[in-house]
Amino acid sequence: MFSDKEIKKFKELETPFFYYNIDQLKNTLEKIKKASNKFGFLVHYAMKANANDKILQIIKDYGFGADCVSGNEVKKAVEIGFSPKKIVFAGVGKSDKEINLSLDADIFAFNCESLQEIEVINELAEKKGKIADIAVRINPNVNAHTHHYITTGLNENKFGINLWQLDNLFNLLKKTEHIRLIGIHFHIGSQITDLNVFKNLCLRVNEIQEIFINNQILVEHINVGGGLGVDYEHPDNDNFIDFEAFFGLFHRFLDLKHGQELHFELGRSMVANAGSLISRVLYIKKAVKTIFAILDAGMTELIRPALYQAYHKIENLSSTKAIEFYDVVGPICESSDTFAKTVQLPETKRGDLIAIRTTGAYGEVMTSQYNLRDIAPAVYSDEI
Ligand SMILES: *Cc1c(COP(=O)(O)O)cnc(C)c1O
């Protein structure tokens, strides 16, 4: 829902642009902070969801850490002022350059995704005379029941170390003198809306932790990643995620050992609701089976529908006429540049303002300049 003031402002601005409701963002962060503090859990924000400077600043100011998946994200987190002791670095393909800069930054932990990566970090740390703190990312083979492109915790996925490699892992860790194992890490997928999936993860983590303990390894922290889903159908329903129930579930089912910390890496659920992509209708075109509403925003600003058939609610902010059906598409020269088919909208015409909702996560950050498009700017509610 947008206020009259917001819509008036939108009318003055060139489209497309990313709009962020800062109050809504802070409201969500406040809830996460409160619910995680209640159980003493630590949350690292998964920066890849939205790496916009202003958003990062706000998240940092709430005291959250940063979960990075590239060297440039580590650099950015340091620049924004996240404490290096709250920066973790995951990813299946960390380059030597990225590892070196993270060693120099003295980050909290590398979340390691293969045995060979541990060997490489060990060598690079040795050259610098350092000990690298690592967590091992274990692939727990838990089904996230989400879209297969955003499932990461099954044996067939490229992420993490598989359970059958654990003996090799334990042997390797005895030899790598410049590595200190401080945690066990998991991340099974994204946009998970069934809390039972997280319960299954907890039970699995307990079993896996037993294997480590049987090998005389007791780590300082367990990191269960992110993946909590948001309500794309009802963008104004801020109560869809019950953060207290989410963290409470881990408190109840995950068997932490004495003194052990529990870490999370939330991305989408922290920022998705606060963002919308605002665009205008360029043309209405009648076709054989449908009417196309052609927008000035496309897959270059929001690739999720093209990439994972994702649903985003589309609203016409300029019309209250009778409902018609439209295929809402962008201007890019690809048929997949379609936001949604057979969408019900009030009768729509050239120049109408269109809001595509819940784009705060994996929206602006995935922008491309394909077709040599301009980069769409960001507009913030507290600056209009
Ligand atoms: C993407 C990612 C996250 C965040 O996932 P969300 O679904 O946005 O919460 C957390 N941890 C790792 C390792 C990731 O790659």
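This passage looks at a charged surface patch, a buried glutamine and some unusual backbone geometry in a predicted model.

A good place to start is the surface, where D96, E119, E123, E126 and E177 together form a negative patch. Helix α6, spanning residues 115-127, is the main contributor, supplying three residues to the patch. Another member of the patch, D96, belongs to helix α5, which covers residues 96-104. D96 is classed as partly exposed because its relative accessibility is 44%, a value between the limits of 20% and 50%.

Q191 offers a contrasting setting. This residue sits in the loop that links β8 (179-185) to α8 (195-214). With a relative accessibility of 15%, Q191 counts as buried, since the cut-off for that class is under 20%. The side chain of Q191 makes a polar contact with the backbone oxygen of V230, at a distance of 2.8 Å.

Turning to the backbone, most peptide bonds are trans, and most residues other than glycine have a negative phi. Against that background, the peptide bond from T15 to P16 is cis, with omega near -5°. P16 is located in the loop between α1 (4-12) and β1 (17-20).

Positive phi angles are found at two residues that are not glycine: D106, at about 55°, and N371, at about 70°. D106 is in the loop between α5 and β5 (109-112), and its relative accessible area of 40% makes it partly exposed. N371 occupies the loop between β16 (353-357) and β17 (378-380); N371 is likewise partly exposed, with a relative accessible area of 34%.

Definitions and conventions: Residues are numbered from 1 along each chain as its sequence is written. This is a predicted model: local features need pLDDT of at least 70, side-chain atom pairs count only at pLDDT 80 or more; totals for chains, interfaces and linings use all residues. Side-chain values use heavy atoms; hydrogens and water are left out. Patches are made of residues with over 30% relative accessible area and no salt bridge: like charges are joined within 9 Å, nonpolar side chains (Val, Leu, Ile, Met, Phe, Trp, Tyr) within 5 Å. Accessible areas come from the Shrake-Rupley method with a 1.4 Å probe; for residues, only the protein chains shown count as cover. A salt bridge is a side-chain nitrogen of Lys or Arg within 4 Å of a carboxyl oxygen of Asp or Glu. Lys and Arg count as positive and Asp and Glu as negative; His and the chain ends are not counted. The place of a charge is taken as NZ of Lys, CZ of Arg, CG of Asp or CD of Glu. Helices (H or I, at least four residues) and strands (E, at least two) are DSSP runs, numbered from the N terminus. Buried means under 20% relative accessible area, exposed over 50%, partly exposed in between (1.4 Å probe, protein chains only). A polar contact is a pair of N or O atoms within 3.5 Å; within protein, one must be able to donate a hydrogen and the other to accept it, and residues adjacent in sequence count only if both atoms are side-chain atoms.
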